Amino acid sequence: MTVAPAVAQVAVLSPPFATLSYSLPEYLPSSAFQPGQRVIVPLGRGLRVGLILGQDVRTRDAARDARGSSDEKQRKDFVLKPVLWPLEREALIPAFYLDLAAQLALRQTESPGRILGSMLPAGLRNAQVRIRFFGEGPPREIGPWELAGLHADELSRLGRLWTVGQAEIRRPGDNRLDRELCSLALDPPWPIRPAAKAQRALLEYLHERGEVSRRALGKSLGKGAASLVFLLAGRGIIRVRPADDPAPEGYSFPAISPSDGVLCLTPHQRTVFEPLLQAVRSGRAETRLLFGITGSGKTAVYMELARAVLTMGKSVLLLAPEVALVLKLWGDARASLPGARADLFHGYLSAAAKEAVFCDLAASGHSTRLLVGTRSALLLPLDNVGLIILDEEHDASFKQDEGLTYQAKEVAWYRAEKQGALLLLGSATPDVKSYHAAMAGKIPLHLLTERVGGGRLPEVSVAALSRQGTDGSPLAPESLEALLTVAEKNEQAVILLNRRGYAPLMYCLGCSAVAKCPHCDIGLAYHKGRERLLCHYCGYSVPFPSPCAVCRGMHFLPMGEGTEKLEERLGTLLPPGTGILRLDRDSTRRPGRMEEILGAFARKEASVLVGTQMLSKGHHFPDVTLAIVADADIGLNLPDYRAAERTFQLLLQSAGRAGRGEKPGRVIIQSRDPAHYCWEYVRRADYHGFYERELALRKRRSYPPFTRLALIRVSFAENDADGQEEVAALGAFLRRRAGDLGLVLLGPAPAPLPFLKGRHRWHCLAKGQEWRALRALYNAALDYSGKDRLRLRLDLDPVNML
């Protein structure tokens with residue numbers, strides 16, 4: 001009797017993302033398969049990549065008996081398909097990573113396959129591989145489809161070659177076109193003819209997607225893309241580089257430490273560092289909050305803690321919400337911890353680079369690493385973690401609400417609990433819920449109340465936008481006067497406008513209509529450099545000028561102000577030769593451009609830096625003496641219970657960019673409502689006062705931290721005439737079920753953005769005290785028999801209420 005694993009539970013990593021049972025093939029030994037290993041499996045008429053979650057160990061004879069049961073129906077209808085072939089000899093995915101995926105699947109009421117399909121890099125979910133076999137005669141290379149069609153005897157022969165190490169998996173990256181990456185070398189507007197539509201399409205493709213392989217270009221844009229690549233590369237408009245040529249990793253930044261890279265903590269910082277060091281050395285899982293005012297040196301504390309943890313032989317995860325801040329922390333880490341084995345991970349990396357980091361960490365086991373990245377770095381298979389730091393922990397970017405929905409703080413807490421690590425939440429404006437937990441004694445609180453070097457917080461004033469002149473200037477008179485003074489003194493200023501593009505709306509002078517996205521019913525933003533109207537929600541774009549969809553007129557008036565227009569306008573308001581830089585998502589599309597902008601401003605090659613919230617936190621520019629918030633009202637009146645908190649945090653963080661060196665700083669907040677209560681708390685840098693007022697409002701209206709929220713997003717197709725009736729019926733069902741579960745249900749109601757990406761959107765907001773009850777309500781919605789036309793998504797503890 002031969003004992004062998006007969007059945008494997010496999011999570012399919014592409015639709016339908018199901019967990020299916022497969023028999024293990026007889027042409028390979030059972031030892032060739034382990035949990036965490038990627039395999040190729042048949043599904044329907046195709047082949048898919050799956051991941052083995054577990055195995056059912058039984059005798060081979062018992063497996064045959066099960067397949068040959070006396071039950072006639074089972075014998076005819078229940079036949080397990082075999083796994084076709086493994087994609088690696090040893091399991092790539094470690095056990096702790098499978099456990100993390102399982103927990104995310106439970107929390108989000110999703111299948112493990114859907115979760116793992118979102119966590120793993122795209123290249124690891126691709127079945128387009130070749131298997132090269134060696135042995136007698138020349139090497140033979142076979143694809144999965146050829147393998148599936150081979151006779152059993154030939155499969156057994158190839159299985160023996162695999163078992164003795166005479167075969168290897170060849171990835172698509174072995175193709176020359178996959179090893180050459182294309183990216184923009186110039187920012188728009190590009191020097192091409194207006195009629196060169198194919199060239200513009202290629203450049204727009206690269207602008208939207210960043211660095212991509214030549215093969216991806218050809219697949220998306222057709223065979224003609226190959227000749228265009230060489231044409232545009234020869235003209236210096238795009239760049240082609242080998243995949244193994246490292247892209248820029250950071251930018252030069254004024255040192256925060258002595259020249260030898262060793263940070264010296266101030267006595268005040270050391271009063272915080274010592275108890276945190278004891279917590280790290282205890283080996284117990286714990287969460288703590290570091291509340292330090294802007295400029296107090298939280299980064300120095302992070303670096304010293306990281307040094308201590310690495311010395312202990314454990315790994316460190318250092319996370320930030322924005323790529324710009326990640327690059328700054330990366331530069332700090334490289335300067336402060338030069339001997340550490342460090343990795344950088346963020347969304348601007350190429351797909352090949354992300355996959356390389358993932359595979360390297362998966363294979364590293366218990367080695368000591370420092371990983372610096374955005375929220376997605378939490379989903380990398382880094383083991384042996386002793387410290388997880390979330391800098392700017394209040395930021396909404398730590399919550400992902402598209403695709404795989406997760407809250408980075410929750411994932412970080414889970415990983416810290418499992419590995420006995422310290423989770424340190426750092427901020428100058430903590431999340432109200434985090435601060436409430438600290439005030440309630442649930443997590444220890446550490447305070448940094450002094451600026452490094454003895455500097456003072458900047459003076460803050462409010463300028464009424466209604467008082468600006470009639471010349472269309474984006475700046476109030478006092479703001480412009482202060483900016484001119486900064487330029488004359490050869491100092492620096494930052495201007496925050498949290499709206500990218502040239503103008504958010506284009507108004508038709510012929511019929512008074514606003515140009516709108518046909519898929520979203522949202523105004524199209526004008527991007528002058530690209531000469532396009534763009535939807536910021538679905539990516540739809542049209543050239544500008546284009547005829548008005550209503551009257552076919554060609555005359556439009558840009559309405560409102562974006563960072564691109566502000567940059568252009570400042571060029572006419574400031575003295576000739578004044579350097580102006582812009583930092584937003586559009587200006588940092590091409591690889592290395594973000595580093596170039598931040599590095600140039602750090603070297604004082606420009607006096608003014610205009611940007612979105614990317615520049616509002618974390619950066620340390622000692623010569624910045626003026627910070628202007630060009631339109632502080634953006635976001636203040638959104639239909640979101642966190643609107644005031646987010647605005648307060650953004651403005652206080654922006655104010656912290658000024659006066660960080662020896663020179664005093666000044667902050668000007670421009671608002672159409674200068675009497676709003678929020679500005680007074682910003683002016684006094686009074687976080688605790690704002691917190692107490694906000695907490696009282698939330699308690700009165702039953703919002704977190706006094707309750708838990710679940711947002712059920714419901715949508716139906718544009719052409720579904722009965723969709724609204726289905727939503728109403730679902731709402732009636734959920735209200736009854738919510739009462740049984742002890743929950744309060746608000747809605748269904750049209751979402752604040754009621755039509756996006758060709759679908760009508762509705763929201764149901766549930767309030768309760770237990771996550772289990774909230775998930776049960778969502779499961780009831782999924783089981784509701786009348787929701788066939790509806791698409792449902794669950795967002796626990798929603799951050800984006802739009």
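Which residue in β30 is the bridge partner of glutamine 492? It is valine 624, and the strands that hold these two residues offer a way into a structure that is a predicted model, in which local features need pLDDT of at least 70 and side-chain atom pairs count only at pLDDT 80 or more, while totals for chains, interfaces and linings use all residues. Residues are numbered from 1 along each chain as its sequence is written, and side-chain values use heavy atoms, with hydrogens and water left out.

Helices (H or I, at least four residues) and strands (E, at least two) are DSSP runs, numbered from the N terminus. Two strands pair if DSSP finds at least two bridges between them, and β22 and β30 pair in the parallel sense over five bridges. On β22 there is also a pairing with β29, again parallel, over four bridges, where valine 494 stands opposite leucine 609. Strands of a sheet pair through backbone hydrogen bonds, either parallel or antiparallel.

These strands belong to an open sheet of six, in the order β21-β31-β30-β22-β29-β28, with parallel pairing. Because β21 (459–464) and β28 (580–583) stand at the edges with a single partner strand each, one side of each is left without a neighbour in the sheet. The twist averages 20° from one strand to the next, where axes are lines fitted to C-alpha atoms, for helices over the stretch in contact, and angles run from 0 to 180 degrees between N-to-C directions. The edge strand β28 is joined to β29 (residues 608–611) by four bridges, and one of the pairs of bridge partners is arginine 582 with valine 610 in β29.

In a regular strand the side chains alternate between the two faces of the sheet. In β22, Gln492, Val494 and Leu496 point one way and Ala493 and Ile495 the other way, and all are buried, a word that means under 20% relative accessible area, with exposed being over 50% and partly exposed in between (1.4 Å probe, protein chains only). Two helices lie across this region: α17 (residues 563–573) crosses β22, β28 and β29, running at about 175° to β28, whereas α18 lies across β22, β28, β29 and β30 and runs at about 140° to β28.

The helix α18 also leads to α12 (residues 323–336), since the buried residues of α12 pack against α18 and other elements, including α11 and β13. Eleven of the 14 residues of α12 are buried, so the helix is largely enclosed by the rest of the structure; among them are Leu325, Trp330 and Asp332.

Another covered helix is α15 (residues 432–439), in which six of the eight residues are buried, including Val432 and Tyr435. At the start of α15, a side-chain oxygen of aspartate 431 reaches to within 2.9 Å of the backbone nitrogen of lysine 433. The buried residues of α15 pack against several elements, one of which is α21, and α21 (residues 687–701) contains arginine 698. Arginine 698 counts as buried because its relative accessibility is 3%, and among the residues that it touches (heavy atoms within 4.5 Å) are Val432, Glu645 and Phe706.

A nonpolar core is a set of buried Ala, Val, Leu, Ile, Met, Phe, Trp, Tyr and Cys residues joined through side-chain atoms within 4.5 Å. The largest has 156 residues, of which Trp85, Leu116, Met119, Leu120, Leu379 and Ile669 touch the most other members, and its largest share, nine residues, comes from helix α11 (residues 298–311). A second, separate core of 24 residues includes Val727, Trp762, Trp771 and Leu790.

How values were computed. A polar contact is a pair of N or O atoms within 3.5 Å; within protein, one must be able to donate a hydrogen and the other to accept it, and residues adjacent in sequence count only if both atoms are side-chain atoms. Lists of a residue's contacts leave out its neighbours within four places in sequence.
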